[in-house]
Amino acid sequence: MLVLLAALVALSRLGFADWEHREADIMGTRITVELFHADPLIAAQAIEAVMQEMHRIDATMSPYLESSELARINRGAHRHAVKVSAELFALIDRSIGFSELTQGAFDITFASVGFLYDYRRGKRPDQAQLQAAAGLINYQNLVMDAEAHTIGFTRPGVRVDLGGIAKGYAVDRCISLLQAQGIRNALVTAGGDSRMIGDRWGRSWTIGIRDPRRKEGVVALLPLKDVAVSTSGDYERYFDDQGVRYHHIIDPKSGDSARELQSVTIIGPDATTTDALSTSVFVLGRERGMQLVNGLPDIDAILVDSKGRLHYSLGLQAAGNMDDYVKTSTETEPAENP
Ligand code: AMP
Ligand code: MG
């Protein structure tokens with residue numbers, strides 16, 4: 001018995017040593033990478049490659065960097081078609097696909113009004129500004145030329161921002177990089193967007209869904225393998241004014257924050273999809289959001305409504321699935337290996 005215990009302890013120490021873990025702040029968010037490779041040199045190189053890829057995507061797609069390709073579009077596309085990289089063209093094209101799928105709930109031109117909000121300073125557009133901006137939020141204001149790889153705007157005042165999809169895309173890119181390097185077990189997270197390949201020592205990864213109203217609280221624990229998961233919440237970037245919450249997810253129809261839900265978690269095969277859908281379902285609200293999710297293959301969702309109640313998609317409700325996938329807990333974060 002003792003021998004067995006000793007062997008187990010040795011094994012777990014070995015296991016711990018072989019898992020590489022690193023965190024960094026990139027793309028305005030927290031990036032976390034955990035991965036396993038028997039060769040520590042390959043593991044270290046793989047982690048480095050992930051961080052470099054995150055920096056590369058940030059440099060291309062950041063709305064804050066004057067030098068980014070995205071900023072170049074926003075400066076010039078109302079005057080002339082702006083030529084962009086095949087990569088950025090493809091992601092904007094995919095974003096438009098999500099606009100079509102969600103009847104406009106997902107719309108990267110939300111930024112035409114979105115830039116008038118400053119969540120840190122508690123600033124928001126007034127009624128006159130919202131009226132002046134009417135019609136600017138509409139993905140149909142984008143003119144895409146697939147052959148020339150150019151993007152134009154139909155009118156001045158239009159802006160785009162990939163904040164609702166770029167982190168998920170970056171996670172997918174990093175997972176592809178890791179797979180190409182022969183990594184079979186990894187977790188990559190960028191803020192609320194994660195994707196995992198393989199398992200963690202034969203067990204699932206555990207992803208906690210944060211309680212939208214208690215910082216350290218968790219409302220559900222998801223044991224997951226080989227999937228992507230994204231959470232959108234009204235507690236990420238926000239301010240409250242006279243009991244009303246102004247936060248970073250904008251309903252394209254009104255230019256105001258979407259308020260039917262507190263958080264949306266989407267589980268699916270890739271993080272670009274789960275990222276775009278978590279933002280979309282947040283805007284669509286409980287009924288229309290669930291309807292969309294239940295109609296899509298391989299997509300599941302957990303919603304927290306404005307009263308803090310949880311709602312699960314049909315795939316998670318299916319017999320037996322609930323217990324496997326969702327363990328609700330009103331406790332705070334589980335302790336690390338008690
Ligand atoms: P997420 O945390 O993935 O829901 O992304 C939120 C971010 O998506 C915001 O900070 C904005 O950059 C962007 N966003 C806000 N509203 C929309 C919308 N209606 N469609 C697409 N992107 C949006
Ligand atoms: Mg999202």
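In this predicted model, D275 and T279 are both buried. These two residues also bind the metal: the magnesium ion (ligand 2) is coordinated by D275 through O and OD and by T279 through OG1, at 2.0 to 2.3 Å. D275 and T279 lie about one helical turn apart, because they are 4 residues apart in helix 8 (residues 271-294).

The surroundings of ligand 1 involve the same pair of residues, since D275 and T279 are among the closest residues to ligand 1, together with S232, R237 and I250. In total, 16 residues surround ligand 1. Helix 8 supplies the largest share of this shell, with 3 residues. By residue class, the shell around ligand 1 consists of 7 nonpolar, 5 polar and 4 charged residues.

Polar atoms of ligand 1 lie a short list of distances from the protein, given here one by one. A polar side-chain atom of D275 is 2.8 Å from an oxygen atom of ligand 1. Backbone atoms take part as well: a backbone N or O atom of A105 is 3.0 Å from a nitrogen atom of ligand 1, and a backbone N or O atom of G164 is 3.1 Å from an oxygen atom of ligand 1. Ligand 1 taken alone exposes 500 Å², and the protein buries 95% of that area.Strand 13 (residues 261-268) is mostly covered, with 8 of its 8 residues buried. Strand 13 pairs with strand 10 (residues 228-233) in the antiparallel sense, over 6 bridges. Within this pairing, G268 in strand 13 stands opposite A228. Strand 13 is also joined to strand 14 (residues 300-305) by 6 bridges, and these two strands run antiparallel. Here I267 stands opposite D300 in strand 14.

A further group of 3 strands forms an open sheet in the order 3-5-4, with antiparallel pairing. Its edge strands are strand 3 (82-83) and strand 4 (142-145), each of which pairs on one side only. Strand 3 and strand 5 (residues 150-153) are held in antiparallel register by 2 bridges. The bridge partner of K83 in strand 5 is T150.

Methods
Residues are numbered from 1 along each chain as its sequence is written. Chains are lettered from A and ligands numbered from 1 in the order in which they are written. This is a predicted model: local features need pLDDT of at least 70, side-chain atom pairs count only at pLDDT 80 or more; totals for chains, interfaces and linings use all residues. Side-chain values use heavy atoms; hydrogens and water are left out. Donors are N, O and S atoms within 2.8 Å of the metal (3.2 Å for Na, K and Ca); water is not among the atoms, so sites may look incomplete. Buried means under 20% relative accessible area, exposed over 50%, partly exposed in between (1.4 Å probe, protein chains only). Two strands pair if DSSP finds at least two bridges between them. A residue is near a molecule or strand if one of its heavy atoms lies within 4 Å of it. A polar contact is a pair of N or O atoms within 3.5 Å; within protein, one must be able to donate a hydrogen and the other to accept it, and residues adjacent in sequence count only if both atoms are side-chain atoms. Accessible areas come from the Shrake-Rupley method with a 1.4 Å probe; for residues, only the protein chains shown count as cover. Ala, Val, Leu, Ile, Met, Phe, Trp, Tyr, Cys and Pro count as nonpolar, Asp, Glu, Lys and Arg as charged, and the others, Gly among them, as polar.
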